[in-house]
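Opened a fresh page for this one. I went from the overall picture down to single side-chain pairs and jotted things down along the way.

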Amino acid sequence: MAEQDRLGGWFGGNKADKVQEKVEQSVPKTSGAEQDRYGGWFGGDKVDRVKDRVKEAIPQDFRRGSGAEQDHYNRAFGGDKLDGISKRFPQGSGAEQDRYGRYFGGDKLPTRADIERRLPKTSGAEQDRYEHWFGGDKLPSRADIEKRLPHTSGAEQDRYGRWFGGDKGPSTEQLNESLPAGSGAEQDRYGSHFKPERPVLGRIGGTTSTVGLIQHAILPSFGFHGGLSLIAYGLGRYTDTVEAKDWLWPSAQVANAWWSAIGAPVLYEGLSLPAAWDALSYNQKLLLAGVTAWGVRLFYRVSSRTLRRGKDDPRYHTAARKQPDFWNKAFFTMFLPEALIQTLISLPVTLPFRAPVASALASPFPEALAISRSIAIFLFGAGYALEVLADTQLEAHSRKSNDELNSEGVWSIVRHPNYLGDALCHLSFPLLLFGAGQMHPLTLLGPVANYVFLRYIGGDRENEASQEARYAKASPAKYRQLQQYQQTKNSFWPSPAEAGNKWLWTVAAVGAAGVVLERSLTRLL
């Protein structure tokens, strides 16, 4: 219950209604604003009459607007009326297409049809967006696309088939014919480099490594020379002739070269002799011809000298020869060591035939160099001429006089021109292989071993030691000539003082003639 009902008796009991009416009459009927609350200060109840007088005093042209800028300054844009201004305001929505519509189509936006014409009709994918770059404004038809798409499996033989056989890949038969029939080993892959018709089988398998070269090239060569040395030892012991090993020196190297080039292919690969010869390259044939010419000449020289003398070479009449067990030790002290040396010296004429792939792969320059071949032929020609002239002049001198030492002809260049010529011939073999792109570094052991043997083991050192011992006893005059000869001429290599020696230039001319001859034959053949 409200307080006015509970305590109504305190204010007059039942006269509360009358009090309420009086209170309502004293409550102001206006809004409560200052002009209504304090209106009495300016005229009391005459406010309404004041308002009417104010309205009458306001001029007719007073602004009736809302007070906004367009109402305050309407005359700045078109007089006192807002209608002129409204014509200048945009009628659009304010969006960019309404505000900048005139940029694209005047004061009016493009119609729906204009917009639709500019919008793409495709999916937005690249083939639709850029199709006019390749085929006009229209996409290619399904048939056109199918013509451009490959019809093969996508494998390399199908994608690049036109590179080898037109637009169509080779047939199965053609592929089988072009595929190698070998196992994939080096002797099958590179066999065509050295024998175009038949794959090389036994000579080059497993020879690319050092162990393989030792197993398939060096050890068989040593076994070849060792076997021949054993035969020579038997003949020498039977005839009591140590010089039998000198017969073997040139002949064994030539035999090993021919066996490696022709014999092994014929025996182990079933080739005929003409086929084995045709399988050799020009440089291999040239190498084989060179070592044959060197060996045949030297063999003839040694054998004819032995037969004419009728006894063993004086170089081998040593104190050891008088020992009763000399021949029991001779094989291991003389024959077998020379077999090992011959194996090393013959490397340039056996390794290219026994291991052609390894030689080609290990060659510093796999492509042929004509200048290297020319230098090799020059050295071989000069060395061969030096050997021939030395032996011929020595033989002619020995027929005329046996009391004077020969120092004329090529013997005026060095004391041992025959050994120098031999060294030049063996040096030419690796150079020839170098020019052919088949010089394995191991072949350099050949001329090095030959030089060491001729200089320090069985060549000029052994020969001069024997001469000094013999001349000191039998011919003191010849011994003095030998001593003077040793003081004026070098043993092996010519001194600079021999630059004007005519025999030196004669030998060089022979070497140059060999180069010209070989070039001419090459052009003719």
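My entries follow, overall counts before the details.

**Ground rules**

I am working with a predicted model, where local features need pLDDT of at least 70, side-chain atom pairs count only at pLDDT 80 or more, and totals for chains, interfaces and linings use all residues. Residues are numbered from 1 along each chain as its sequence is written, and side-chain values use heavy atoms, with hydrogens and water left out.

**Entry 1: overall make-up**

I looked up the secondary structure and got 31 helices and 0 strands. Helices here are DSSP runs of H or I with at least four residues, strands are E runs of at least two, and numbering starts at the N terminus.

Next was burial: 34% of the 525 residues count as buried. The cut-offs are under 20% relative accessible area for buried, over 50% for exposed, and partly exposed in between, with a 1.4 Å probe and protein chains only.

I then checked contacts (heavy atoms within 4.5 Å). Of those with a separation of 6 or more, 75% are between residues 24 or more positions apart.

The chain exposes about 34200 Å², and carbon and sulfur atoms supply 58% of that area. Areas are Shrake-Rupley values with a 1.4 Å probe, and for residues only the protein chains shown count as cover.

**Entry 2: confidence**

I wanted to know how far to trust the coordinates, so I pulled pLDDT, the predictor's confidence in each residue from 0 to 100. The mean for the chain is 78, and 64% of the residues reach 70 or more. Among the elements, helix H27 (residues 417-436) has the highest mean, 94, and helix H7 (residues 75-78) the lowest, 54. Over residues 195-206 the pLDDT is below 50, and this stretch has 32 contacts in the model beyond near neighbours in sequence. Where pLDDT is low, the predicted coordinates should not be read in detail.

**Entry 3: aromatic pairs**

A search of the whole structure gave me 15 aromatic pairs. Rings of Phe, Tyr and Trp (its six-membered ring) pair if their centres lie within 6.5 Å; planes under 30 degrees apart are stacked, over 60 edge-to-face, and the rest tilted.

I noted Tyr-233 with Phe-335, edge-to-face at 5.5 Å centre to centre and 80° between the planes. Tyr-233 sits in helix H19 (residues 210-239) and Phe-335 in helix H23 (residues 326-345), so this pair links distant parts of the chain, 102 residues apart. Tyr-233 is buried at 11% relative accessible area, and Phe-335 is buried at 2%.

I also noted Trp-247 with Phe-299, an edge-to-face pair because the planes are at 85°, with the centres 5.8 Å apart. This one links helix H20 (residues 244-269), which holds Trp-247, to helix H22 (residues 282-309), which holds Phe-299, across 52 residues. Trp-247 is partly exposed at 28% relative accessibility, and Phe-299 is partly exposed at 32%.

Back at Tyr-233, I found that Phe-335 is not its sole companion: Phe-326, Trp-327, Phe-331 and Phe-332 belong with these two in one aromatic cluster.

**Entry 4: salt bridges**

What does Arg-297 in helix H22 link to in helix H26? I found a salt bridge to Glu-387, with the closest N and O atoms 3.4 Å apart; Glu-387 lies in helix H26 (residues 370-400), 90 residues away. Arg-297 also meets Asp-391 in a salt bridge, 2.6 Å from N to O, and Asp-391 is in helix H26 too, 94 residues from Arg-297.

How buried are these side chains? Arg-297 counts as buried at 13% relative accessibility, Glu-387 at 2% and Asp-391 at 10%.

The whole count is 22 salt bridges, each a side-chain nitrogen of Lys or Arg within 4 Å of a carboxyl oxygen of Asp or Glu.

Lys-245 and Asp-246 form another, at 3.4 Å between the closest N and O atoms. Lys-245 is buried at 5% and Asp-246 at 12%. Both belong to a salt-bridge network that also includes Glu-243, Arg-305, Arg-309, Asp-313, Arg-315, Glu-338 and Glu-462.

**Entry 5: a surface patch**

Last, I checked the outside and noted a nonpolar patch of about 360 Å² made by Val-448, Val-452, Tyr-456 and Ile-457. Patch residues have over 30% relative accessible area and no salt bridge; like charges are joined within 9 Å, nonpolar side chains (Val, Leu, Ile, Met, Phe, Trp, Tyr) within 5 Å. Tyr-456 lies in helix H28 (residues 445-457) and is partly exposed at 45%.
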